[in-house]
Each structure stands twice: as structure tokens, then as C-alpha cells.
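Hi,

Here is the model I promised to pass on. Have a look at it first, and then read my notes underneath.

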Amino acid sequence: MKIILDAMGGDNAPAEILKGAAAAVASFWPQVEIIAVGDAEKISACAKELNLGLDHIEIVNATEVIEMCDEPAKAIRTKKDSSMVVGLKMLAEGKGDAFVSAGSTGALHVGTSLIVRTVKGVKRPALATVIPAAKPFMLLDSGANVECRPAVLEAFGVMGSVYMEKVMGVEKPRVALVNNGAEESKGTPTYVEAHALLKANKSINFVGNVEPRDIPAGAADVVVADGFTGNVILKLTEGLAKYFGSKLKGLFKSGLGGNLAYLLVKGGVADFKKSMDADEYGGAPFLGAAKPVIKAHGSSNARAIHQAIRQAKICVETDLCGVMARNLDQQKEEA
């Protein structure tokens, strides 16, 4: 399979992108070929500076870059030779099997919708983020679609359930709807109606409403929300993880006693750190896209890019988009 990689997207491009691509080639070749899209001269110069071999990495030249500050829709329309637009067009034209980018989330969302398109029944793809917790869970939408109709929230539940089963290996994923109470009557009219739709949907394992405080403890495998609510949850979770991590680090550096305590629990701390590391999952897929599109974090390092490519590989191997399309069709027939 061929994974198309936006070599110029993200805060650490192209260096960390290329290092991640090289690591992916070492891990997945010959099952996976990498196509790096971006300024060929800059890519070659960067690889030379890093003493990095580009074996089995094809370079496709693109002279423009979509910046984080660019207005998404305008950038997709006007920067036609950008690494993101060129890569998405290659995916749409069948020149690759999946696309990975650490570039602008807004531009990637617009570009995915307009260029790659969506599966039948989905107007706009949802940004789905796997979040470390007591048990990793998927949050969608985590920022792409700010306002959602009840039927859209129901579709999120179906898509998230398919992803967690096919990619993350979770059997009968538990789907929950974010709300300010567990009762069916809680929330806005939109959320009350969405609850009824999710409850009636026989293709998913819906477990009801979930309050935000219960999410980190593993109350659900798929957490459904509109993009505004989901993005607030995501950023609060990231902030709390950094805060507690820094407090833990300070505790162990507080003196001789703290240093000795660290030596005793070093292994456990390492396991905890790994379990809370978002780089383990690499990126967030745009669920509902006609072909796999993975959004890596803007500050992704080489390891995160490697994992995002791994994620794209699994999406292709499991025919995630095809399975999702069939599940949404079945949902429509049963409605």
C-alpha cells in the first residue's frame, strides 16, 4: 500500500516528518511505501543535514505550504500546489491509499470534504481523537463540526464504534453521549433527541449518557459530542495531563526522599507516562471520509508521525472506510 505524507505540514516539518517516515519504512517495508509531498529541494537538503536515508520514500514536489494562520477554505482554493492539496488530490485520484498530515486542522477538514469527499450519508467528516485514560477512548467530534444535528451525533456513534472495533481491537465498543447528567431527559433538545436515536440504533452498544467526570475512568470506549463540546473536553484533558505530570515530576525532585521514592517506583512511573502519552496513537482520523485521512498533532515529533503512519496502515488493511460506509447504509435501511 502507499501512504501519502504531507512533508511540510506541522510545527516540526520537514525534519520530524522525514524522521518519522524513515522509521515507518524501517518498521513496515515492504508492506508500506511512503510518498512524501513537499518542496523537493528542502526535503533533500533536510535529509542530507540529518544524514537520513530516503530509501523507499518517493518525493513528489509541491511548491506551496498551507500555514496554520491561513483561512482554511481560501487556502484550499488558492494554494493548489501546496503539499496538503497535492497530497489530498493524489489520494482522491487513487495514487495512494491513505493521507497523513500534521498541518492545519481546519484546512485538512475542508480539503478532505471537498477533494476526497465523504461516504454516503455523511456530509462532513468528524475529527476523532483517541485519548489516553484508564482505558483509551475515542472522542468525536473533537473540533471539526462545532454544531451538530441529532442524526449527525448518531452517525458519530456508529463511526466511532466501527473504528474502535476495527483499528483499536475493542470488542463491542461501549458508546456514550456526553451530557450534564445520566438521565435520558438531561441536556439540550438536540442531545435529548440524539440520545433517543443512539438508544434505538441496534448496530452499536449504546450505554447512555456520560458525565465528563466519569470519562477518564473508562466509562465508555466511544464518547460522542458536538465539535465545540468535544474540543473543550480534549483541551481540558490535555491541560490536566500536563499539570499532573509536572506536579509528579516536582514531587520526585523535592529532595533526597523524593529521589529515593522515584527509584522505587521508576518502572510504574514509566508505565503511567506511556499510558498517558498521546504520541502512542499518532493522530486523529477524519471519520466519514471516503478514504483514510489522518490528522497528526501540529507539534508531532518523529515517533508521533511513525504512529500516525501505522494508524493509516491499519485503516487501509481493515478497509475501515468501506466497513463504515456499509454500517451507515445498514443504519439508514433500519431507520
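A284 has K295 in strand 12 as its bridge partner. Strand 12 (residues 293-296) and strand 11 (residues 283-287) run antiparallel to each other and pair over three bridges. Strands here are DSSP E runs of at least two residues, helices are H or I runs of at least four, and both are numbered from the N terminus; two strands pair if DSSP finds at least two bridges between them.

Before I go on, the small print: this is a predicted model, where local features need pLDDT of at least 70 and side-chain atom pairs count only at pLDDT 80 or more, while totals for chains, interfaces and linings use all residues. Residues are numbered from 1 along each chain as its sequence is written, and side-chain values use heavy atoms, with hydrogens and water left out.

Back to the sheet. Strands 11 and 12 belong to an open sheet of seven strands with mixed pairing, in the order 3-2-1-4-12-11-5. Its edges are strand 3 (57-61) and strand 5 (126-127), each of which pairs on one side only.

Now the salt bridges. There are nine in the structure, where a salt bridge means a side-chain nitrogen of Lys or Arg within 4 Å of a carboxyl oxygen of Asp or Glu. The part you may want to zoom in on is a network that links K135, R174 and D221. Which residues does D221 bridge to? One partner is K135, at 3.4 Å from N to O. That contact ties together distant parts of the chain, 86 residues apart: D221 is in the loop between strand 9 (205-210) and strand 10 (222-224), and K135 is in the loop between strand 6 (129-131) and strand 7 (137-140). Another partner is R174, with 3.1 Å from N to O. Here too the pair links distant parts of the chain, as R174 sits in strand 8 (residues 174-178), 47 residues from D221.

Is D221 buried or exposed? With a relative accessibility of 2%, D221 counts as buried, the cut-offs being under 20% relative accessible area for buried, over 50% for exposed and partly exposed in between (1.4 Å probe, protein chains only). K135 is partly exposed at 37%, and R174 is partly exposed at 24%.

A further salt bridge joins E93 and K95, whose closest N and O atoms are 3.2 Å apart. E93 is exposed, with a relative accessible area of 51%, while K95 counts as partly exposed at 48%.

On to the surface, where two patches turned up. Patches are made of residues with over 30% relative accessible area and no salt bridge; like charges are joined within 9 Å and nonpolar side chains (Val, Leu, Ile, Met, Phe, Trp, Tyr) within 5 Å. Areas come from the Shrake-Rupley method with a 1.4 Å probe, and for residues only the protein chains shown count as cover.

- Positive patch: K74, R77, K80 and K89 gather on the surface. Lys and Arg count as positive and Asp and Glu as negative, with His and the chain ends not counted; each charge is placed at NZ of Lys, CZ of Arg, CG of Asp or CD of Glu. K89 is in helix 4 (residues 83-92) and is partly exposed at 33% relative accessibility.
- Nonpolar patch: L236, L240, Y243 and F244 together have about 420 Å² of accessible area. L236 is part of helix 8 (residues 227-252) and counts as exposed, at 53%.

Finally, some backbone details to check in your viewer. Where are the cis peptide bonds listed here? One runs from A13 to P14, with omega near -5°; P14 is in the loop between strand 1 (2-6) and helix 1 (15-28). Another runs from L140 to D141, with omega near 5°, and D141 is in the loop between strand 7 and helix 6 (150-166).

Positive phi angles come up as well. H56 is not a glycine, yet has a phi of about 65°; H56 is in the loop between helix 2 (40-49) and strand 3 and is partly exposed at 40%. K172, also not a glycine, has a positive phi of about 50°. K172 lies in the loop between helix 6 and strand 8, and at 60% relative accessibility counts as exposed.

Cheers
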